[in-house]
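Here is a walk through this model, from the overall layout down to a few individual residues. Keep the 3D view open as you read.

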Amino acid sequence: KQQIAAQFAAYARRLTQPTLMLAASSPSPGWKSSGVEIVASTQTSMIRTALRKSVLGRTLGVLAAGEPYLVDDISTIEVELIDADQWLMSCDDDALVNGSNLAAIGGELIQFGEAVPVGPARFRLSRLLRGRAGTEWAAGGHSIGEAFVLIEADAVRPIELPDWAVGSQVSARIPGGATQAATITATAESLRPPSPVNLAASFNGDGDLAG
C-alpha cells in the first residue's frame, strides 16, 4: 500500500495544496492538448490538458463495497471507454505490487489484475485491489455511470487550488467547446495521509500486545 501511495503522490506532485486531477479524452483519433478554463468560486484560471489523451470512460454497473486488505476476487465492474481504439491490459500479481493498473472509479483508487474485453470499448475488470492510497472511505458508495480513469503520469494534469476553495464547486470546460462543463466539489482528500497513521502499541500486564 505504501508503494501505491508513493506512486500516486509522484503523479500528483508533492502536494501542499488541495489538488484535483484533470483527465480528458475524445472519441476522435489523434490528440492535441487544449486550453481548459477552471472556475473555482469567483476565481477563473486557465490550464492545458495533458499532452497525451487520458484513458477515460464510465462504469456500466455499480462496484460493490470492498475491503483494502485482500485481493477482491469476487467483485467485477464493467467500464466503457470514450475512445474505442484504447485498450486495457491485464497484469500479474508482481505488477500489481509494483503499482500497475492504478485507476480511479468515482472517489476510490483501485488496481485491477484482469481486464477482459466484452464489447467495443468495453472491459470487465476483476481481481481488484481496493481503497488504494487511503481511499477506502470511498469503497462503499459507488453508483452506475461513475467516471473511470487510468492514472498515468503523462495523461493527467494536476490542478492546485487555494485553501479557500475547499467545499466550493469547481468546474472545467474547454472555451468554445460543444461539451458541457465538468463540475465537482473541491475537497482536501488529496492531502489526506494514507491510513492507518500515528499507530501506537504497548504490552499489557499479561504480556499481550495492546493497541
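## The overall picture

The protein's secondary structure adds up to 2 helices and 14 strands. Keep in mind that this is a predicted model. Of the 211 residues in the protein, 41% are buried.

Contacts across the sequence are a big part of the story here: among contacts with a separation of 6 or more, 66% link residues that are 24 or more positions apart. As for the outside, the accessible surface is about 11,700 Å², and carbon and sulfur atoms account for 54% of that.

## The barrel

Start with the closed barrel: 6 strands, in the order β4-β5-β8-β7-β6-β9, with antiparallel pairing. From one strand to the next, the twist averages 45°. Strands of a sheet pair through backbone hydrogen bonds, either parallel or antiparallel.

Strand β4 (residues 56-59) is a handy place to trace the pairing. On one hand, β4 pairs with β9 in the antiparallel sense over 3 bridges, and there Leu56 stands opposite Val149. On the other, 3 bridges join β4 to β5, again running antiparallel, with Gly57 facing Leu81 in β5. Strand β9 also pairs with β6, antiparallel and over 3 bridges; look for Ile105 opposite Phe148.

## The nonpolar cores

Which residues touch the most other members of the largest nonpolar core? That core has 17 residues, and the answer is Leu81, Leu88, Phe112, Leu125 and Phe148. The elements that give two or more residues to this core are β5 (77-81), β6 (102-105), β7, β8 (122-129) and β9 (147-150). There is also a second, separate core of 12 residues, including Leu22, Val36, Ala40 and Ala172.

Phe112 deserves a closer look. This residue belongs to strand β7 (residues 108-119) and has a relative accessible area of 0%, so it counts as buried. Setting aside residues up to four places away in sequence, Phe112 touches a list of residues that includes Leu88, Met89, Cys91, Leu96, Asn101, Leu125 and Phe148. Its C-alpha is 9.5 Å from that of Thr76, and the two residues are 36 apart in sequence.

Phe148 has its own set of partners. Leaving out neighbours within four places in sequence, they include Val55, Leu56, Gly57 and Arg58, along with Val79, Leu81, Leu88, Ile105, Phe112 and Leu125.

## One aromatic pair

How many aromatic pairs does a search of the whole structure find? Just 1. Trp87 and Phe123 form it, edge-to-face, with 4.9 Å centre to centre and 90° between the planes. Trp87 sits in the loop between β5 and α2 (93-97) and Phe123 in strand β8, so the pair ties together parts that are 36 residues apart in sequence.

Are the two partners buried or exposed? Trp87 is exposed, because its relative accessible area is 52%. Phe123 has 1% relative accessibility, so it counts as buried.

## The open sheet

Away from the barrel's strand list, there is an open sheet of 4 strands, ordered β3-β2-β11-β12 and with antiparallel pairing. Its edge strands are β3 and β12 (182-185), each pairing on one side only. The twist in this sheet averages 20° from one strand to the next.

Within the sheet, β2 and β3 pair in the antiparallel sense over 6 bridges. Val39 is a good landmark, standing opposite Thr44 in β3.

## Two residues with positive phi

Ser41 lies in the loop between β2 (35-40) and β3 (43-48). Its phi is near 60°, a positive value in a residue other than glycine. With a relative accessible area of 45%, Ser41 is partly exposed.

Asn101 also has a positive phi, about 55°, although it is not a glycine. You'll find Asn101 in the loop between α2 and β6. At 17% relative accessibility, Asn101 counts as buried, because the cut-off is under 20%. Asn101 is also one of the residues that Phe112 touches.

Note on methods:
Residues are numbered from 1 along each chain as its sequence is written. This is a predicted model: local features need pLDDT of at least 70, side-chain atom pairs count only at pLDDT 80 or more; totals for chains, interfaces and linings use all residues. Side-chain values use heavy atoms; hydrogens and water are left out. Buried means under 20% relative accessible area, exposed over 50%, partly exposed in between (1.4 Å probe, protein chains only). Contact means heavy atoms within 4.5 Å. A nonpolar core is a set of buried Ala, Val, Leu, Ile, Met, Phe, Trp, Tyr and Cys residues joined through side-chain atoms within 4.5 Å. Two strands pair if DSSP finds at least two bridges between them. Axes are lines fitted to C-alpha atoms, for helices over the stretch in contact, and angles run from 0 to 180 degrees between N-to-C directions. Rings of Phe, Tyr and Trp (its six-membered ring) pair if their centres lie within 6.5 Å; planes under 30 degrees apart count as stacked, over 60 as edge-to-face and the rest as tilted. Accessible areas come from the Shrake-Rupley method with a 1.4 Å probe; for residues, only the protein chains shown count as cover.
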